[in-house]
Amino acid sequence: MSTIHATNPQRKRDAAPAPHTHFTPLQRLLHWTMAVLILTMLFVGVGMVATVSHLHQTLIAIHRPLGIALLILVIVRIGVRLTRGSPPLPRDLPAWQRAGAYASHLALYGLMLAMPLIGWSMLSAGGFPVTLYGPLHLPPIVPRNVELYATLRTLHTVFGLLLFATVLLHLAAALFHGLIRRDGVLSSMARGGR
Ligand code: HEM
């Protein structure tokens with residue numbers, strides 16, 4: 001009898017734990033901390049290139065270490081995401097919205113990883129120090145090369161704009177789920193739960 005139960009697929013399904021409905025506290029902490037830091041970085045970046053006053057030095061002194069902190073956070077976040085997964089999307093979500101969510105999340109992870117790496121590489125290629133705090137410097141990660149510097153500098157701007165656009169799209173989707181569909185997707189990241 002017990003053999004029948006152990007091999008019965010219906011019974012196995014019944015015994016399987018229900019999928020999570022919320023992100024874990026660590027995932028939520030990483031998400032909201034990084035959201036604030038990334039928005040800060042985008043505005044600090046734009047402010048930095050828009051001013052020739054003494055503010056430029058202050059903003060760049062914030063931009064570099066904060067960018068490296070984001071690099072560490074995104075590596076931790078990708079590790080947590082790969083091991084803990086995410087709550088499933090609502091079953092009735094149209095296929096194109098499901099594909100859009102998947103593509104935009106992938107783009108966000110890619111851009112969050114690429115931006116700090118490009119920033120660090122670009123300063124390395126230009127022969128500039130990557131100062132974290134006082135005498136604390138990071139080593140160069142690419143060889144010194146003016147042409148490479150120019151390419152990476154352009155890429156840092158283009159990817160920054162892409163990141164900004166993807167963040168806005170992500171925000172619009174979150175509001176659509178929270179205010180129009182009211183399907184629990186927003187609260188899976190906003191509140192605690194199973
Ligand atoms: C998530 C991480 C990052 C974001 C979102 C970000 C964003 C930006 C943005 C929006 C700009 C202005 C681009 C423009 O208008 O041309 C910028 C410029 C810049 N970023 Fe980043 N950045 C990040 C990481 C880094 C890192 C890690 C470094 C260096 C270690 C760095 C170094 C620079 C430099 C040197 C500039 C140009 C400053 C100037 O020309 O005066 N960035 N960044």
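This is a short tour of a predicted model, starting at the ligand and then walking along the helices that surround it.

**Stop 1: the ligand**

Select the ligand and display the residues around it: there are 22 of them. The closest are Gly45, Gly67, Gly119, Thr157 and Gly160, so label those five before you move on. Now colour by helix. H3 (25-50), H4 (55-84), H5 (95-126) and H6 (146-181) each give at least two residues to this shell. Which of them supplies the largest share? That is H3, with seven residues. Switch to colouring by residue class and you should find 14 nonpolar residues, seven polar ones and one charged one in the shell.

**Stop 2: helix H4**

Next, select 55-84, which is H4. This helix has 30 residues, and the distance from its first C-alpha to its last is 42 Å, close to the 44 Å expected at 1.5 Å a residue. Show the side chains of Arg64, Gly67, Leu70, Val74 and Arg77, which are the buried residues of H4. Two arginines are in that list, Arg64 and Arg77. Gly67 you have met already, among the residues closest to the ligand. Bring H3, H5 and E1 (130-133) into view as well, since the buried residues of H4 pack against them.

Now slide along to Leu82, still in H4. Is Leu82 buried or exposed? Leu82 is exposed, because only 8 other C-beta atoms lie within 10 Å, where 12 or fewer is the cut-off. For a sense of scale, draw a distance from the C-alpha of Leu82 to that of Val46: the two are 36 residues apart along the chain and separated by 32 Å. Just past the end of H4, click on Gly85, whose phi is positive, near 70°.

**Stop 3: where H4 meets H5**

Keep H4 on screen and add H5. Two packed helices are described by the angle between their axes and the distance between the axes. Here H4 and H5 pack at an angle of about 145°, and their axes are 9 Å apart. The crossing of H4 past H5 is left-handed. To see the contact itself, select Gly67, Ile68, Leu70, Leu71, Val74 and Ile78 on H4, then Tyr109, Met112, Leu113, Pro116, Leu117 and Gly119 on H5. By class, this contact comprises 10 nonpolar residues, two polar ones and no charged ones.

**Stop 4: helix H5**

Hide H4 for a moment and follow H5 on its own. H5 has 32 residues and reaches 45 Å between its first and last C-alpha atoms, close to the 46 Å expected at 1.5 Å a residue. Its buried residues are Leu111, Met112, Met115, Pro116, Ile118, Gly119, Trp120, Ser121, Met122, Leu123, Ser124 and Ala125. Restore the neighbours to see what these buried residues pack against: H3, H4, H6 and the strands E1 (130-133) and E2 (136-138).

Ala107 is also in H5. This residue counts as partly exposed because it has 16 C-beta neighbours inside 10 Å, between the limits for exposed and buried. From its C-alpha, draw a line to the C-alpha of Val167, 60 residues away along the chain; the separation is 9.9 Å. Just after H5, Gly127 takes a positive phi of about 80°.

**Stop 5: helix H6 and the turn beyond it**

Select 146-181 for H6. With 36 residues, H6 reaches 51 Å from first C-alpha to last, close to the 52 Å expected at 1.5 Å a residue. Pick out Leu152, Leu163 and His177, which are buried. The cover over the buried residues of H6 includes H3, H5 and H7 (185-190).

Step off the end of H6 to Arg182, in the loop between H6 and H7. Most residues other than glycine have a negative phi. Arg182 has a positive phi of about 45° although it is not a glycine. Arg182 counts as exposed because it has 10 C-beta neighbours inside 10 Å.

**Stop 6: beyond H7**

Finish at Arg194, in the segment after H7. What does Arg194 contact, leaving aside its neighbours within four places in sequence? Its contacts are His20, Thr21 and His22. The C-alpha atoms of Arg194 and Thr24 are 8.2 Å apart, with their positions 170 residues apart along the chain. With 9 other C-beta atoms within 10 Å, Arg194 is exposed.

Note on methods. Residues are numbered from 1 along each chain as its sequence is written. A residue is near a molecule or strand if its C-beta atom, placed from the backbone, lies within 6 Å of it. Helices (H or I, at least four residues) and strands (E, at least two) are DSSP runs, numbered from the N terminus. Ala, Val, Leu, Ile, Met, Phe, Trp, Tyr, Cys and Pro count as nonpolar, Asp, Glu, Lys and Arg as charged, and the others, Gly among them, as polar. The expected span of a helix is 1.5 Å times one less than its number of residues. A residue is buried if 20 or more other C-beta atoms lie within 10 Å of its own, exposed if 12 or fewer, and partly exposed in between; C-beta atoms are placed from the backbone. Two residues are in contact if their C-beta atoms, placed from the backbone, lie within 7 Å. Axes are lines fitted to C-alpha atoms, for helices over the stretch in contact, and angles run from 0 to 180 degrees between N-to-C directions. A crossing is left-handed if the near helix is turned anticlockwise from the far one by less than a right angle, and right-handed if clockwise.
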